[in-house]
Amino acid sequence: MPLPSQTRPALRLGFLASHGGSNMQAILDACQDGRLTAEPAVVISNNSESNALVRARRAGVPAYHLSANVHTDPEDLDAAILDVLDRHQVNLVILAGYMRLIGPKTIATYQRRILNIHPALLPSFGGKGLFGPAVHEAVLAAGDSVTGVTIHVVDEQFDSGPILAQVTVPVEKDDTTESLAARVLAQEHLLFVETLKRIERGELKLP
Ligand code: GRF
């Protein structure tokens, strides 16, 4: 039976994003308009030019650029990311289009507390190299009539870890990579917010 909400600590979200940050924005909007009670605590991007950083600053969320360009030793980068998450008292990490593996220290500290979104129905069309348009190209090349969105708990590898939520999206006959990507992305935004809602309500337990 789910615990009453007052006994669950409020979610403090730490985002990692590399590019556009539209998934992050969908969650920020839901926090802002009260659909979620979670608090956006911090945003980290490996890309100093990312729109995710622009969106974070616009929303008044502390934003950091942490990348292998500055922290050339992967252990240092892992420690720097962990330090920022810790300083902002993050209790749930959201990978919202983050194109890097998470370091072992961060994984160990936030075990079962890091979520990723993937624009296909994992375990199909996932893994190294399958990100961005390549995912939708692979779906179209396979001739599948259905694709979808997956939210999963993150482990040390790309796109693996227990699956928390999925939704299917139809592939239309005349789809291009772009049209399919746009239809999937719209569902990503909905599924991310819905999944966080279910976690907040205690309906969905992180495994
Ligand atoms: C999304 O398609 C997500 O599934 C994938 O990267 C993309 C990020 O898009 N992991 P955005 O930066 O949230 O707009």
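How much space lies in the largest pocket? In this predicted model, the answer comes to about 770 Å³. The lining of that pocket is made up of 37 residues, and those that lie nearest its centre are Gly97, Tyr98, Met99, Phe131 and Gly132. Four elements give two or more residues each to the lining: helix 1 (22–32), strand 5 (114–118), helix 5 (133–142) and helix 6 (177–200). Of these, helix 6 has the largest share, with five residues. Sorted by class, the lining turns out to be a mix of 16 nonpolar, 15 polar and six charged residues.

The ligand comes next. Where does the ligand sit? It is found in the largest pocket, and the residues around it are Gly20, Gly21, Ser22, Asn23, Gly97, Met99, Ile117, His118, Pro119 and Glu188. Two of these, Gly97 and Met99, also belong to the group that lies nearest the pocket centre. Helix 1 and strand 5 each hand at least two residues to this shell, and both elements also give two or more residues to the lining of the pocket as a whole. By class, the shell holds three nonpolar, six polar and one charged residues.

Backbone atoms of the protein come up in several of the ligand's polar contacts. A polar backbone atom of Gly21 is 2.7 Å from an oxygen atom of the ligand, and for Asn23 the corresponding distance from a ligand oxygen to a polar backbone atom is 2.8 Å. Gly20 joins in as well, with a polar backbone atom 3.4 Å from an oxygen atom of the ligand. As for burial, the ligand on its own has 360 Å² of accessible area, and the protein covers 83% of that.

Two spots in the backbone are worth a look for their geometry. Most residues other than glycine have a negative phi, and most peptide bonds are trans. Against that background, the peptide bond from Leu122 to Pro123 is cis, its omega being near 10°. Pro123 itself is part of the loop between strand 5 and helix 5, and those two elements each give two or more residues to the pocket lining. The other spot is Arg112, a residue other than glycine whose phi is positive, near 65°. Arg112 is placed in the loop between helix 4 (104–109) and strand 5.

Methods:
Residues numbered from 1 in each chain as written. Predicted model: local features only at pLDDT ≥ 70, side-chain atom pairs only at ≥ 80, totals over all residues. Heavy atoms only, no water. 1 Å grid on protein atoms, 1.4 Å probe; cavity = no way out; pocket = protein on both sides within 12 Å on 5 of 7 lines; lining within 4 Å. Points joined across faces, edges and corners; volume = space filled by probe spheres on them. Nonpolar A, V, L, I, M, F, W, Y, C, P; charged D, E, K, R; others polar. Near = heavy atom within 4 Å. Polar contact = N/O pair within 3.5 Å; in protein donor to acceptor, adjacent residues only side chain to side chain. Areas by Shrake-Rupley, 256 points an atom, 1.4 Å probe, with all protein chains shown as cover. Sits in = over half its atoms within 2 Å of the grid points.
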